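Reader: I am new to reading structures and would like a close look at one place where two strands are paired. Please start from a single pair of residues there and then work outwards to whatever surrounds it.

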Amino acid sequence: MLAFDGKRGVLCCEAGVTLGEILAFAVPRGWFLPVTPGTKFVTVGGAIANDVHGKNHHVAGTFGRHVRQLGLLRSDGSHRICSGVENSDWFAATISGLGLTGLIHWAEIQLKPLVSRKIKYEATKFHGLEEFLALSEANRHHEYTVSWIDCVARGKNAARGIFMCGDHSEAVAACAPSREKTIRFPFDLPAIALNRATVGLFNTLYFHKQTSKTVAKLVDYEPFFYPLDAILHWNRMYGKEGLLQFQCVVPHENGLPAIAEMLKTITDSGMASFLAVLKVCGGVPSPGMMSFPKPGITLALDFPIREGRTFALVDRLGEMTEAVGGRLYPAKDARMRGSQFRNFYPQWEEFSKYVDPRFSSNFWRRVME
């Protein structure tokens, strides 16, 4: 932490500081992150480079909107202070720039005020994508919205899920620091443990653990924003082969049919994801040149890697995304082809002018082939 204005909530920190470290510093002082993804084990530099988004994208936009300025170090030794008014083109290229424009070594972030750790939480069961969309529209006034969806169930239970929304509590209470979590997933599960049957059972139990149609209660912000962070090394549940992530956003005009077809493709494949997340993205513009979110519906999934099956499924989902004018999220991608990337992000050619000649990545080399 380099500097903090406690009256305005402006924090200047090194890029290697994690979002969790910011929360540990800021929450007891009455401030909170303006935007956060689903894990706090993300660095500020990574949040900027991928222009991450969260449950409040429809009202707050991406993380990059709340970066006041940043310091960028190039491989030639030059240093630029970048903001919306100073070196604004470099600012736009670096936010969502995939870490390719140089080394972000500090950033100044605008935090948001907080009076309690508690979130006013409401969860509603739904059956089908039409009901999900209706709930999203009816709850736009809530700051945070997201849905878990069952991508394994078929028939009358197809596309069932739980729509969740929340707002920071306005009741003044002590914002004590979080307690460190010590729960660890102890070993790699065998591949046979995570299959369609076990995920289907988990999804059924998860859906029915909420016995009423709607529940409302106060919850701590930690489980609301970071449910998986409570279990260290949770990725071990996928086995030694690991997992493959997929996230797309499809425009509203094609949204429901496209998502429905994707869910059918997943069930037909025999693969299963129990960390399936569905959300409506808003139209708040990002300052980032290559930012992922756009107005529409975003679907995020995690699949265990199974030889000959997982890559083929993710490739097919990517083709379906492209066919309806959507795009894939580079931060979670391992399969996007170069032709797809250039179609999803037509501004790539302008962006490439800002890439540091001595910076690269496996992703960038793949999509530039």
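Author: Start with G71, whose bridge partner in β5 is I81. The model is a predicted one, and every value below is computed from it. A second pair can be found beside that one: L72 stands opposite R80 in β5. Both pairs belong to the pairing of β4, residues 67–73, with β5, residues 79–83. These two strands run in the antiparallel sense, and five bridges hold the pairing. As background, strands of a sheet pair through backbone hydrogen bonds, in a parallel or an antiparallel way. Side chains of a regular strand alternate between the two faces of the sheet.

Now follow the chain from one strand to the other. β4 and β5 make a hairpin, with five residues between them. One residue of the turn, G77, has a positive phi of about 90°.

The hairpin is part of something wider. An open sheet of five strands runs in the order β1-β2-β6-β4-β5, and its pairing is antiparallel. Within this sheet, β5 is at one edge and β1, residues 3–5, is at the other; each has a single partner strand, so one side of each lacks a neighbour in the sheet. From one strand to the next, the twist averages 15°.

There is also a sheet of eight strands. This sheet is open too, and its order is β11-β8-β10-β9-β13-β14-β12-β15, with antiparallel pairing. Its edges are β11 (214–220) and β15 (327–328); each pairs with a single strand, so one side of each is left free of a neighbour in the sheet. β15 is joined to β12, residues 243–250, by two bridges, and the two strands run antiparallel. C248 is the residue that stands opposite L328 in β15. Helix α9 packs on this sheet and touches β12, β14 (296–304) and β15. The direction of α9 makes about 10° with that of β12.

α9 leads on to the helices. Two packed helices are described by the angle between their axes and by the distance between the axes. For α8 (residues 252–269) and α9 (residues 310–323), the axes come within 11 Å and cross at roughly 165°. Angles over 145 degrees count as roughly antiparallel, and α8 and α9 are therefore roughly antiparallel to each other. The crossing of these two is right-handed. On the α8 side, the residues that meet α9 are E261, M262, T265, I266 and S269; on the α9 side they are L313, R316, L317, M320 and T321. By class, this contact has five nonpolar, three polar and two charged residues.

α8 meets another helix, α5 (residues 129–138), and these axes come within 10 Å and cross at roughly 135°. α5 and α8 are therefore oblique to each other. α5 passes α8 in a right-handed crossing. Here L129, E130 and L133 of α5 meet L256, I259, A260 and L263 of α8. Six residues of this contact are nonpolar, one is charged and none is polar.

Last, the whole chain. The protein has 12 helices and 15 strands. Its radius of gyration is 20 Å, close to the 21 Å that the globule rule gives for 369 residues, so the protein is as compact as a globular protein of that length. Along the principal axes, the C-alpha atoms fill a box of roughly 60 × 55 × 45 Å.

Definitions and conventions
Residues are numbered from 1 along each chain as its sequence is written. This is a predicted model: local features need pLDDT of at least 70, side-chain atom pairs count only at pLDDT 80 or more; totals for chains, interfaces and linings use all residues. Side-chain values use heavy atoms; hydrogens and water are left out. Two strands pair if DSSP finds at least two bridges between them. Helices (H or I, at least four residues) and strands (E, at least two) are DSSP runs, numbered from the N terminus. Axes are lines fitted to C-alpha atoms, for helices over the stretch in contact, and angles run from 0 to 180 degrees between N-to-C directions. Angles under 35 degrees count as roughly parallel, over 145 as roughly antiparallel, 65 to 115 as roughly perpendicular and the rest as oblique. A crossing is left-handed if the near helix is turned anticlockwise from the far one by less than a right angle, and right-handed if clockwise. Contact means heavy atoms within 4.5 Å. Ala, Val, Leu, Ile, Met, Phe, Trp, Tyr, Cys and Pro count as nonpolar, Asp, Glu, Lys and Arg as charged, and the others, Gly among them, as polar. The radius of gyration is taken over C-alpha atoms; the globule rule is 2.2 Å times the number of residues to the power 0.38.
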